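Hi everyone, thanks for making time this morning. I'd like to walk you through one structure, from the overall layout down to a few backbone details.

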Amino acid sequence: MSVFDVHFWPDNKKIKVRPGTTLLDAGNKAKVHIRTRCGAKAACLMCKVKVGDQSGLAPLNTNERLKLGSLADEGVRLACQARVTGNVEVNIPEDPLKAAIRAQLARQAEDDDFI
């Protein structure tokens, strides 16, 4: 049986999975945190990931296409719906709360430099 590599960025973790595995399941197996709340039903849209070359993924299903709209044209996929069909590299966006905290800490550091 064939297996494929799924490489997660920015964690730089790679995992081998069987065809048909969702990116969410591959991420869980690789111990990569992909946010989700809906139990992989494409309802919460929290598991959005960016995939440049989508040749290693099955085409978007109808539900995913409807939920993502124009984001799909930018390489965004729902990790709970996107199924592996070949080697693929996945970029996981920074958690919004972590991004806000990082930005606040950066502003504080700039303010401290002026004192």
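Reading from the N terminus, the elements of the protein chain run β-β-α-β-α-β-β-α. That comes to three helices and five strands. Please keep in mind that this is a predicted model.

For the overall dimensions, the C-alpha trace spans about 60 × 30 × 25 Å along its principal axes. The chain has 115 residues, and 34% of them count as buried. About 7,200 Å² is exposed, with carbon and sulfur atoms supplying 53% of that area. If you like contact statistics, take the contacts between residues at least 6 apart in sequence: 56% of them join residues at least 24 apart.

Now to charges. There are 18 positive and 14 negative side chains, and the centres of the two sets lie 11 Å apart. As a reminder, side chains of opposite charge can pair when their charged atoms come close. So how many salt bridges does a search of the whole structure find? The search gives three, and I'll take them one at a time.

Let's begin with lysine 16 and aspartate 5, whose closest N and O atoms are 2.8 Å apart. This pair links distant parts of the chain, with lysine 16 in strand β2 (residues 13-17) and aspartate 5 in strand β1 (residues 4-9), 11 residues apart. Lysine 16 has a relative accessible area of 49%, so it is classed as partly exposed.

Next come glutamate 64 and arginine 77, which form a salt bridge with the closest N and O atoms 2.9 Å apart. Here too the pair links distant parts of the chain: glutamate 64 belongs to helix α2 (residues 62-68), arginine 77 to strand β4 (residues 76-78), and they are 13 residues apart. Are these two side chains buried or exposed? Glutamate 64 is buried, because its relative accessible area is 0%. Arginine 77, at 1% relative accessibility, counts as buried as well.

That leaves aspartate 73 and arginine 65, with 3.5 Å between the closest N and O atoms. Aspartate 73 has a relative accessible area of 63%, so it is exposed, while arginine 65, at 39%, is partly exposed.

Let's turn to two residues and their surroundings. Histidine 7 lies in strand β1 and counts as buried, because its relative accessibility is 12%. Which residues does histidine 7 touch, not counting those up to four places away in sequence? The list is Asn12, Lys13, Lys14, Val88, Glu89 and Val90.

Lysine 41 sits in the loop between α1 (23-29) and β3 (48-50). Its relative accessibility is 59%, so lysine 41 counts as exposed. Leaving aside neighbours within four places in sequence, lysine 41 is in contact with Asn63, Cys80 and Gln81. The last of those is 40 residues away along the chain, yet the C-alpha atoms of lysine 41 and glutamine 81 are separated by 8.0 Å.

While we're on that loop, let's talk backbone. Most residues other than glycine have a negative phi, and most peptide bonds are trans. Where does this model have a positive phi in a residue other than glycine? Alanine 42 has phi near 60°, and leucine 45 has a positive phi of about 60°. Alanine 42 is found in the loop between α1 and β3, and so is leucine 45. As for cover, alanine 42 counts as buried because its relative accessibility is 2%. Leucine 45, at 27%, counts as partly exposed.

There is a cis peptide bond to show you as well. It joins tryptophan 9 and proline 10, with omega about 5°. Proline 10 lies in the loop between β1 and β2.

Let me finish on the surface. Leu97, Ile101 and Leu105 make a nonpolar surface patch of about 310 Å². Of these, leucine 105 is found in helix α3 (residues 96-114).

That's my tour, and I'm happy to rotate the model to any of these places if you'd like another look.

Notes: Residues are numbered from 1 along each chain as its sequence is written. This is a predicted model: local features need pLDDT of at least 70, side-chain atom pairs count only at pLDDT 80 or more; totals for chains, interfaces and linings use all residues. Side-chain values use heavy atoms; hydrogens and water are left out. Patches are made of residues with over 30% relative accessible area and no salt bridge: like charges are joined within 9 Å, nonpolar side chains (Val, Leu, Ile, Met, Phe, Trp, Tyr) within 5 Å. Accessible areas come from the Shrake-Rupley method with a 1.4 Å probe; for residues, only the protein chains shown count as cover. A salt bridge is a side-chain nitrogen of Lys or Arg within 4 Å of a carboxyl oxygen of Asp or Glu. Helices (H or I, at least four residues) and strands (E, at least two) are DSSP runs, numbered from the N terminus. Buried means under 20% relative accessible area, exposed over 50%, partly exposed in between (1.4 Å probe, protein chains only). Contact means heavy atoms within 4.5 Å. Lys and Arg count as positive and Asp and Glu as negative; His and the chain ends are not counted. The place of a charge is taken as NZ of Lys, CZ of Arg, CG of Asp or CD of Glu.
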